[in-house]
Amino acid sequence: QVQLVESGGGLVQTGGSLRLSCAASGSIFSTNVMGWYRQAPGKQRELVATITSGGSTDYANSVKGRFTISRDTAKNTVYLQMNSLQPEDTAVYYCHREQTRGGAWYNYWGQGTQVTVSS
């Protein structure tokens, strides 16, 4: 089992910045993908950004150039630096981790952290 603990959400004005963190603990496998998803009220959960254990990244078009995902492998922690925040970025942000061993993939979610961008 893996536990994901998120931190760093909050209230910020339009154009501001926030940094989210997600620390993983428990049964950690080295081959993995960590990422951030978000869910706004009345909308489906959507991908924000992912980063593989090899360092490859992927971003939603809506956040490219504004958000940066990074990771500290030694700390099993992933970060999301969010700049130039807009009201449409308001959502609950969820950390996600998928990892594999022996051909099986395992998925885990954090509890979510609220990000609110005021106009």
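Strands here are DSSP runs of E, at least two residues long and numbered from the N terminus. With that in hand, here's the quick tour of this predicted model. The protein has eleven strands and zero helices. Its radius of gyration is 14 Å, which agrees with the value near 14 Å that a compact globule of 119 residues would have. Below, we go from the overall picture to the core, and then on to a handful of individual residues.

**Overall picture**

- Reading from the N terminus, you get β-β-β-β-β-β-β-β-β-β-β and nothing else in the element list.
- Along the principal axes, the C-alpha atoms fill a box of roughly 50 × 25 × 25 Å.
- Buried residues make up 43% of the 119 in the protein.
- If you take contacts between residues at least 6 apart in sequence, 54% of them join residues at least 24 apart.

**Surface and charge**

- The accessible surface adds up to about 6,100 Å², and carbon and sulfur atoms account for 46% of that.
- On the charge side, there are 10 positive and 7 negative side chains.
- The centres of those two sets of charges sit 4 Å apart.

**The nonpolar core**

- The largest nonpolar core counts 28 residues, and Trp36, Leu80, Met82 and Tyr93 are the ones with the most contacts inside it.
- At least two residues of this core come from each of β1 (2-7), β3 (18-26), β4 (32-39), β5 (46-52), β7 (67-72), β8 (77-82), β9 (91-101) and β11 (113-118).
- Strand β3 gives the largest share, with four residues.
- As background, nonpolar side chains in soluble globular proteins tend to be buried together.

**Arg38, a buried arginine**

- Arginine 38 belongs to strand β4.
- Is arginine 38 buried or exposed? Its relative accessible area is 5%, and the cut-off for buried is under 20%, so arginine 38 counts as buried.
- Beyond its neighbours within four places in sequence, arginine 38 is in contact with a long list of residues, including the acidic side chains Glu46, Glu88 and Asp89.
- Also among the contacts of arginine 38 are Arg45, Val48, Phe67 and Tyr93.
- Valine 115 is 77 residues away from arginine 38 along the chain, yet their C-alpha atoms are separated by 9.4 Å.

**Leu18 and Arg19, side by side in β3**

- Leucine 18 lies in strand β3, and so does arginine 19.
- Leucine 18 is buried at 15% relative accessibility, whereas arginine 19 is partly exposed at 46%.
- Not counting residues up to four places away, leucine 18 touches Gly8, Gly10, Val12, Leu80, Gln81, Met82, Leu85 and Val115.
- With the same sequence neighbours left out, arginine 19 touches Ser7, Gly8, Tyr79, Leu80 and Gln81.
- Leucine 18 and valine 115 are 97 residues apart in sequence, with 8.5 Å between their C-alpha atoms.
- For arginine 19 and valine 117, the separation is 98 residues in sequence and 13 Å in space, C-alpha to C-alpha.

**Thr116, toward the end of the strand list**

- Threonine 116 is part of strand β11.
- With a relative accessible area of 28%, threonine 116 is partly exposed.
- Setting aside residues up to four places away in sequence, threonine 116 touches Gly10, Leu11, Val12 and Thr90.
- The C-alpha atoms of threonine 116 and glutamate 88 are separated by 9.1 Å, with the two positions 28 residues apart along the chain.

**Two loop residues with positive phi**

- Most residues other than glycine have a negative phi.
- Which value does phi take at asparagine 76? It is near 50 degrees, a positive value in a residue other than glycine.
- Asparagine 76 sits in the loop between β7 and β8, and is partly exposed with a relative accessible area of 23%.
- Serine 84 likewise has a positive phi near 50 degrees.
- You'll find serine 84 in the loop between β8 and β9, where it counts as partly exposed at 36% relative accessibility.

Technical notes:
Residues are numbered from 1 along each chain as its sequence is written. This is a predicted model: local features need pLDDT of at least 70, side-chain atom pairs count only at pLDDT 80 or more; totals for chains, interfaces and linings use all residues. Side-chain values use heavy atoms; hydrogens and water are left out. The radius of gyration is taken over C-alpha atoms; the globule rule is 2.2 Å times the number of residues to the power 0.38. Buried means under 20% relative accessible area, exposed over 50%, partly exposed in between (1.4 Å probe, protein chains only). Contact means heavy atoms within 4.5 Å. Accessible areas come from the Shrake-Rupley method with a 1.4 Å probe; for residues, only the protein chains shown count as cover. The place of a charge is taken as NZ of Lys, CZ of Arg, CG of Asp or CD of Glu. A nonpolar core is a set of buried Ala, Val, Leu, Ile, Met, Phe, Trp, Tyr and Cys residues joined through side-chain atoms within 4.5 Å.
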